[in-house]
Amino acid sequence: MDASPGLSDQYRTRLERIRQREDAAFRERVPASLSLAGRARRTMPGGVPTPWMAGFYRTPVLWVSHGRGPSFTDVDGNTYLDFNVGDVSSVLGYAHPRLTEVIGAQAARGVQLFLPVEAAFGVCEQLRLRFGLPQWQFTLSATTANTEALRIARFATGRQGVLLFGGKYHGQLQETLWSAEGPADRLVPESTGLEAPPPGLAVVDFNDLAAAERVLRRERTAAVLIEGVLTNCGTVLPDAGFLPGLREACTRTGTLLVMDETHTQFDLYGGAVRHYAVTPDLVTGGKGIAGGIPIGVHGMTDAVADVVGSNIADELGSTVGLALGGTLFANALSLACAEVVLTELMTPAEHERTARLGGLLADGIETAVRSRGLDWRAHRFGARSGYCLLPELPRNAREAHLGTDPLFADTRRVFFANRGVWDAISSSGPHVGFAHEEADVATYLGVLDDFLTEMCAG
Ligand code: PMP
């Protein structure tokens, strides 16, 4: 990530000074975490149980003891008010008493039965109410929901191609980890260890309907996979005609429209699908739907469901079916938790409340920067907020990257951490969760005030 043109050299120098001091203070505060990190390097590559636990941060790895409500506590006893909310995987908050009760009750009845449990009906109904699609399937993560959705789309259409949008992230599935570069839109891998780009893959700019139409007109694309609002490069909202235009182009060219609601479903009730009144062929999601217990979901129209339902593989091989499913998919614990979370805890009223707090957070960020003469904006989409270090909000990922700055993001994070607030990872912005109250937003904004005062004071 390059430096933003919105951050002057004067601020940059001050940030470097703050960063050095705060990094040293952070190390002082976490001796037990440092010691566990040393021990972990003997049994876990990179000293972490999974790479993301190190890769998202430039501070030493924080080892956690427990969480409660909107906060978690590290092994050194430092408590953090959490505005990263596990990148919306822990958006419900920690140790919710109702979820704890459901987990206990389901544990006593068996967490994994390898056969359907009736909680599935309640989850399907809640997802239908949110996204309008009548039929649902379950996996263990949003990545695997997207894997299944693309496989279904390819089989249903008899095509291989997938159309994606720059700045997207849909999980670690190989067919989505590519970016387009240069005037010829050459596909380049975003990670190492990938094979060749899948046939027919195309990546165009978000909000560029004409470019999307050019790809779809070739009629080689099985699916358009898109977040209605980009959320992994800050927040990028769709132009007024973009999503309706895409829907129309998909229908005209026999392409399936797959909307990834993994993040946006927690920004507003019914996510981008409901907010922008889109009618996709498939919807995918996961993360916090079951309160942090692993789950992925993908919904579909009756027409797509017919294709899936009539291609279920027979174990003896008499029917060669679609390569879908997994041993622990739709396990009893995931479904029991999702049913209660969606029915009782993430109600429309609670979504309204978190979206209102998200608006307060975005307003507060914008007021804090503008009152210091910084011509910056706050991202906002319901409960989601964030920093845009330029006067105009971005319309695509290229513009979004110009409005972010790693030095600003990393310095802010460590400054906040040392004052008991865990800020968002740098690809996203602070997010209000279901355990937050208005006072928590005020706490965040108070620390931001101190941070900006020091950055601007010299
Ligand atoms: N879709 C989107 C939009 C995401 O942001 C992510 C993860 N950040 C995923 C899918 C994949 O989620 P998971 O890592 O839980 O499989």
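Start by selecting L81 and V421: L81's bridge partner in β15 is V421. This is a predicted model, in which local features need pLDDT of at least 70, side-chain atom pairs count only at pLDDT 80 or more, and totals for chains, interfaces and linings use all residues. Residues are numbered from 1 along each chain as its sequence is written.

Now widen the selection to β3 (residues 79–82) and β15, which pair in the parallel sense over two bridges. Strands here are DSSP runs (E, at least two residues), helices are runs of H or I with at least four, and both are numbered from the N terminus. Two strands count as paired if DSSP finds at least two bridges between them.

Add β1 and β2, and you have an open sheet of four strands, ordered β1-β2-β3-β15, with mixed pairing. β1 (64–68) and β15 (421–422) stand at the edges with a single partner strand each, so one side of each has no neighbour in the sheet.

Next stop: another sheet. Select β4, β12, β11, β10, β9, β5 and β8, in that order, for an open sheet of seven strands with mixed pairing. Its edge strands are β4 (135–139) and β8 (201–204), each pairing on one side only. From one strand to the next, the twist averages 20 degrees.

Inside this sheet, pick out β10 (residues 256–260) and β11 (residues 282–285), which run parallel and are joined by three bridges. Click on M259 and you'll find its bridge partner, V283, in β11.

Two helices are worth showing here. Helix α7 (residues 209–217) packs on the sheet, touching β5 (161–165), β8 and β9 (221–226), and its direction makes about 165 degrees with that of β8. Helix α5 (residues 119–131) lies across β4, β11 and β12 (296–300), running at about 60 degrees to β12. Contact means C-beta atoms, placed from the backbone, within 7 Å. For the angles, axes are lines fitted to C-alpha atoms (for helices, over the stretch in contact), and values run from 0 to 180 degrees between N-to-C directions.

Now go to K287, in the loop between β11 and β12. Its phi is near 50 degrees, a positive value in a residue other than glycine. Most residues other than glycine have a negative phi. Is K287 buried or exposed? K287 counts as buried because it has 23 C-beta neighbours inside 10 Å. The cut-offs, with C-beta atoms placed from the backbone, are 20 or more others within 10 Å for buried, 12 or fewer for exposed, and partly exposed in between.

For a hairpin, select β6 and β7, with four residues between them; G182 in the turn has a positive phi of about 80 degrees. β6 (residues 178–181) and β7 (residues 186–189) run antiparallel, joined by four bridges. E181 has R186 in β7 as its bridge partner. In the loop between the two strands you'll also find D185, a non-glycine with a positive phi of about 50 degrees. D185 counts as partly exposed because it has 16 C-beta neighbours inside 10 Å.

On to the ligand. Of the 14 residues around it, S141, A142, T143, G171 and T262 come nearest; being near takes a C-beta atom, placed from the backbone, within 6 Å.

Finally, zoom out. The chain has 15 helices and 15 strands, and its C-alpha trace spans about 70 × 60 × 45 Å along its principal axes. Buried residues make up 47% of the 458 residues.
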